Amino acid sequence: MTDECITRTFSALSYGNGTASNNINADSIDAQGEASSSSAGVGGAASATASATAANVATTVNKYVARMPVDRYAREYNMNHKHRGLALIFNHEYFDIPSLKARTGTNVDSEELRKALKRLDFEVSVYKDCKLRDILKHIEKAASMDHSDNDCIAIAILSHGEHGYIYAKDVQYKLDNIWHYFTSHICPTLAGKPKLFFIQACQGDRLDPGVMLEKGTTETDGESSTSYKIPIHADFLFSYSTIPGYYSWRNTTNGSWYMQSLIHELNENGKKYNILTLLTFVSQRVAVDFESNVPSTPIMDRQKQIPCVTSMLTRILRFTDKPLSSKAG
C-alpha cells in the first residue's frame, strides 16, 4: 500500500397590494411510500393523525438552536473571535495490522503541518499512532468543548486508507465516524463556523499515469440580523490527498506530496488567499511538481496524483491576522 423527508420552504410573497404573506411551500422527497394529500381526508382519523405528525415534525424542526456567529448573508466567515480554534493532527506511522507497512516520512509531514497551523494561530495538538478508541476519545473531548470564542476547528489525519476507509492503529473506520461529532446539533458552539478536515491517505489502488501536455498552435490569454436555520452538515470542508479509488504518494524522506504542498501553501499564502483558492494551488502543485520514482517497479514508476476537495462551506474563509493577545501559546 503506497499510503494512504419532507422539506418545507418558507417564503414571503409580495402581492399587488403591497402586503406580504408567509406561505409554506411543501416540497417532497423522491422516495417510495409518500402519502398523497387526498388520502388524509377520510373519516377525520387520517386528518388527526396528520395533525399529530405535523406537531411532532414542528417540535423536531425547532429543537436545535445555536448562536449566530455572522449575519445571514455575510460573504465571509467571522474570523475575528478571540481565538482561531483547535487543530488536531492524528499521525499514524506504525500499525498493528500485519498487512500495513510503516509510513516512513509521515513524521516530517506531522511536524511541518503542526508548525504551519501554529503560524495561522491554531492551538495544535498532535496524537501519534492512536487506536480507534483513543481517536474517538480525543474527538469526543474536542466536540464537547465550548468553541464560542473560536473561529473554527481543523483536523488532519495522516494514515493508510482504501475505498472510503481510513486506518487507525488497530482497525479501519469511515471518516463520518469522526466528523459527525461536529455537526451543528451535536456541537452547537461550532454551528455556522468552518470545520476543516485534511486527509492524507490512499482511497484505493488505482494508478494515474498522467498525460503529456504539448504547446499547441493557439493558446488562451493569459436581511442580515434575522434568525435563520442552517443544515446540520453545513460549513464542513474535506480536503483529500487523492481522488476516490486512487493511490496517494509519500516520499520516505520528504513526506507526502499532498502534505508538502499543503504546508507550502499554508506557509506562503495562508493569510493571503481564501481556503478554496489556496487548495486549488495545492492541487496544482501536486499535479505539476510531483511524479513517482520507482524504477525497480515499472508499473509504479512515473505516476501522478491529484487531490480533491468536498466543500459544504457557505461563505468565503480567509485566515485573517489575529491580535497578539489572542494568539495560541
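## Strand 3 and its partners

In this predicted model, Asn91 of strand 3 has Lys128 as its bridge partner in strand 4. The two strands, strand 3 and strand 4, pair in the parallel sense, and six bridges join them. Strand 3 also pairs with strand 5, again in the parallel sense, over five bridges, and within this second pairing Ile89 stands opposite Ala156 of strand 5. In general, strands of a sheet are held to one another through backbone hydrogen bonds, in either a parallel or an antiparallel arrangement.

The side chains of strand 3 divide into two sets: Leu86, Leu88 and Phe90 point one way, while Ala87, Ile89 and Asn91 point the other way, and all of them are buried. Because six of the six residues of strand 3 are buried, this strand is largely enclosed by the rest of the structure.

## The six-stranded sheet and the helices across it

Strand 3 belongs to an open sheet of six strands, whose order is 4-3-5-9-10-13 and whose pairing is mixed. The edges of this sheet are formed by strand 4 (123–128) and strand 13 (308–311), each of which pairs on one side only. On average, and with direction ignored, neighbouring strands of the sheet are turned by 10° against each other.

Two helices can be described by the strands that they cross. Helix 5, residues 257–269, lies across strand 5, strand 9 and strand 10, and it runs at about 140° to strand 9. Helix 6, residues 275–289, lies across strand 9, strand 10 and strand 13, and it runs at about 10° to strand 10. Ser283 is a residue of helix 6, and with a relative accessible area of 16% Ser283 is buried. Neighbours within four places in sequence left aside, Ser283 is in contact with Ile306 and Pro307.

## Nonpolar cores

The largest nonpolar core contains 29 residues, and the members that touch the most other members are Ile139, Leu175, Phe182 and Phe197. At least two residues of this core come from each of strand 3 (86–91), helix 3 (132–144), strand 5 (153–158), helix 4 (176–179), strand 9 (195–200) and strand 10 (236–240). Helix 3 gives the most, with five residues. Apart from this core lies another one, of 28 residues, including Leu120, Tyr258, Ile263 and Leu317.

Which residues does Phe197 touch, not counting residues up to four places away in sequence? They are Ile155, Leu175, Ile178, Trp179, Phe182, Phe236, Leu237, Phe238 and Ser239.

## Aromatic pairs

The structure holds 13 aromatic pairs. One of them is formed by Phe122 and Phe319, whose ring centres are 5.7 Å apart and whose planes stand at 75°, so the pair is edge-to-face. Phe122 and Phe319 are both buried.

Phe197 takes part in a cluster as well, in which ring pairs link Trp179, Phe182, Phe197, Phe236, Phe238 and Tyr240.

## Two residues with positive phi

Most residues other than glycine have a negative phi. His163, which is not a glycine, nevertheless has a positive phi of about 45°, and His163 is placed in the loop between strand 6 (161–162) and strand 7 (165–167). Asp235 is likewise a residue other than glycine with a positive phi, in this case near 75°, and Asp235 is found in the loop between strand 9 and strand 10.

Are these two residues buried or exposed? His163 is exposed, with a relative accessible area of 51%, whereas Asp235, at 1% relative accessibility, counts as buried.

## The protein as a whole

The secondary structure comes to six helices and 13 strands. Of the 329 residues in the protein, 40% are buried. The protein exposes about 18,300 Å², of which carbon and sulfur atoms supply 52%.

Definitions and conventions. Residues numbered from 1 in each chain as written. Predicted model: local features only at pLDDT ≥ 70, side-chain atom pairs only at ≥ 80, totals over all residues. Heavy atoms only, no water. Core = buried A, V, L, I, M, F, W, Y, C linked by side-chain atoms within 4.5 Å. Buried < 20%, exposed > 50% of the residue type's maximum accessible area, 1.4 Å probe, protein only. Helix = DSSP H or I, 4+ residues; strand = E, 2+ residues; numbered from the N terminus. Contact = heavy atoms within 4.5 Å. Areas by Shrake-Rupley, 256 points an atom, 1.4 Å probe, with all protein chains shown as cover. Pairing = 2+ DSSP bridges. Axes fitted to C-alpha atoms, helices over the stretch in contact; angles between N-to-C directions. Phe/Tyr/Trp six-rings, centres within 6.5 Å; stacked < 30°, edge-to-face > 60°.
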